[in-house]
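Morning, everyone. I have one structure to walk through today, so please bring it up on your screens.

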Amino acid sequence: MEIAGRTALLTGATGGLGRAIAKGLAGSGAALVLSGRREEDLLKLAESLPGGDHRVVVADLAEDGDAERLAAAAAGVDILVANAGLPGAGWLAEFSAAEVKRALRVNLEAPMLLARALFPEMLERGAGHLVFVSSLSGKSASPRTSIYNATKFGLRGFALGLRTDLHARGIGVSIVSPGFVREAGMFVDAGGKTPPGLGTTTPAAVAAAVEKAIVADKVEIAVAPILDRVAAHAGLVSPRASVLAQSGSAGQRAAAAVTDGHSKDKR
Ligand SMILES: NC(=O)c1ccc[n+]([C@@H]2O[C@H](COP(=O)([O-])OP(=O)(O)OC[C@H]3O[C@@H](n4cnc5c(N)ncnc54)[C@H](OP(=O)(O)O)[C@@H]3O)[C@@H](O)[C@H]2O)c1
């Protein structure tokens with residue numbers, strides 16, 4: 001689907017990747033509904049973007065009813081980019097029940113509810129595209145990330161399943177799975193040191209992948225250096241092969257350090 005002249009709802013627009021995705025989509029001629037919790041940042045972002053038809057809708061996707069309220073405010077959009085996410089980092093035992101629920105809601109349930117609310121109108125029009133921003137952590141596990149892994153594996157499964165239902169009916173469904181992202185975003189906020197042998201990508205590359213997914217109707221795009229993609233895929237095919245999950249390895253220690261860098265306020 002071409003992007004010029006379309007409308008798109010983008011969640012997580014205030015984040016490191018969200019800002020780059022917003023810039024990319026607006027630059028390609030889409031009118032955006034930008035969402036997040038921080039109104040002032042959303043308004044500044046809207047003003048900074050090319051094109052004049054952007055709107056802002058504040059929503060806390062961890063709260064009851066906010067995903068539905070956001071979908072109603074964005075009714076009629078042609079594109080959903082479900083990008084908002086929490087790092088969900090840490091030992092399972094350190095999480096309260098409320099924190100587990102918040103991670104599941106923001107990372108997994110909200111994208112499902114937004115898609116559920118928005119795709120029927122896309123079906124009526126016979127065109128639309130849903131993009132879910134997952135992670136290489138949706139393919140391969142790493143230390144102290146079990147909750148994040150669960151949400152991102154789940155999001156990938158949801159998107160692949162939904163694609164089988166909607167593809168023949170003219171609605172695209174794509175997964176964009178970044179590896180470690182430098183310059184901005186939750187990996188940088190956590191200290192930004194990659195495990196040995198692994199590399200990084202950029203917010204601009206993730207934004208380009210989102211656009212490519214929409215224009216070329218890609219099922220899945222992994223955005224990371226080749227070695228990182230191969231390592232994640234190996235972990236998907238054979239969990240014992242995951243370099244990050246091997247007990248006591250340098251990779252595991254470094255991956256645990258990344259996880260430990262995430263602020264506990266982001267739970
Ligand atoms: N950065 C990476 O290395 C990386 C790698 C792989 C995948 N990803 C994925 O990429 C996506 C974006 O990540 P990022 O790096 O840009 O993270 P980020 O900079 O921490 O931004 C997270 C975004 O999610 C929004 N958000 C968080 N909690 C929310 C809530 N309760 N309700 C509504 N919005 C909420 C935040 O908005 P407010 O603060 O305004 O609410 C913010 O816009 C996430 O899904 C993440 O899992 C990131």
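Start with the ligand. Helix H1, residues 16–27, gives the most to the shell around the ligand, with three residues. One caution before going on: this is a predicted model.

Which residues come nearest to the ligand? They are Gly-15, Gly-36, Arg-37, Gly-85 and Gly-185, out of 27 residues around the ligand. Two elements give two or more residues to that shell: helix H1 and helix H6, the latter at 186–189. By chemistry, the shell holds 14 nonpolar residues, ten polar ones and three charged ones.

Now the strands. Look at E4, residues 79–82. Is this strand covered on both faces or open on one? Both faces are covered. Ile-79 and Val-81 sit on one side, Leu-80 and Ala-82 on the other, and all four are buried. As a reminder, side chains in a regular strand alternate between the two faces of the sheet.

E4 has a partner in E1, residues 7–10: the two run parallel and are joined by three bridges. Leu-10 of E1 has Val-81 of E4 as its bridge partner. E4 also pairs with E5, residues 128–133, again in the parallel sense, over four bridges. There, Val-81 is bridged to Val-131. So much for the pairing of E4.

How does the chain get from E4 to E5? Helix H4, residues 97–125, is the helix in that unit. Together E4, H4 and E5 make a right-handed β-α-β unit.

The core comes next. The largest nonpolar core has 78 residues. Leu-80 and Val-131 have the most contacts inside that core. H4 supplies the largest share, nine residues. Stay on Leu-80 for a moment. What does Leu-80 touch, leaving aside its neighbours within four places in sequence? Its contacts are Leu-9, Leu-114, Ala-115, Leu-118, Leu-130 and Val-131.

One more residue on H4: Val-106 is found in that helix. Is Val-106 buried or exposed? The count is 22 other C-beta atoms within 10 Å, and the cut-off for buried is 20 or more, so Val-106 is buried. Beyond four places in sequence, Val-106 is in contact with Leu-61, Ala-62, Ala-84, Gly-85 and Leu-86. Take Ala-84 from that list. Ala-84 is 22 residues away from Val-106 along the chain, yet their C-alpha atoms are separated by 6.9 Å. And Gly-85, another of those contacts, is one of the residues that come nearest to the ligand.

Now move to the other β-α-β unit I want to show. Strand E2, residues 31–36, pairs with strand E3, residues 55–58, in the parallel sense over four bridges. Val-33 has Arg-55 of E3 as its bridge partner. With helix H2, residues 39–48, these two strands make a right-handed β-α-β unit.

Asp-41 is found in H2. Why does Asp-41 count as partly exposed? Because Asp-41 has 17 C-beta neighbours inside 10 Å, which falls between the limits of 12 or fewer for exposed and 20 or more for buried. Leaving aside neighbours within four places in sequence, Asp-41 is in contact with Thr-14 and Gly-36. Thr-14 is 27 residues away along the chain, and the C-alpha atoms of Asp-41 and Thr-14 are separated by 6.4 Å. Gly-36 you have met already: it is among the residues that come nearest to the ligand.

That's my tour. Over to you.

How values were computed:
Residues numbered from 1 in each chain as written. Predicted model: local features only at pLDDT ≥ 70, side-chain atom pairs only at ≥ 80, totals over all residues. Pairing = 2+ DSSP bridges. Right-handed = clockwise from strand over helix to strand, strands pointing away. Near = placed C-beta within 6 Å. Nonpolar A, V, L, I, M, F, W, Y, C, P; charged D, E, K, R; others polar. Core = buried A, V, L, I, M, F, W, Y, C linked by C-beta atoms within 7 Å. Contact = placed C-beta atoms within 7 Å.
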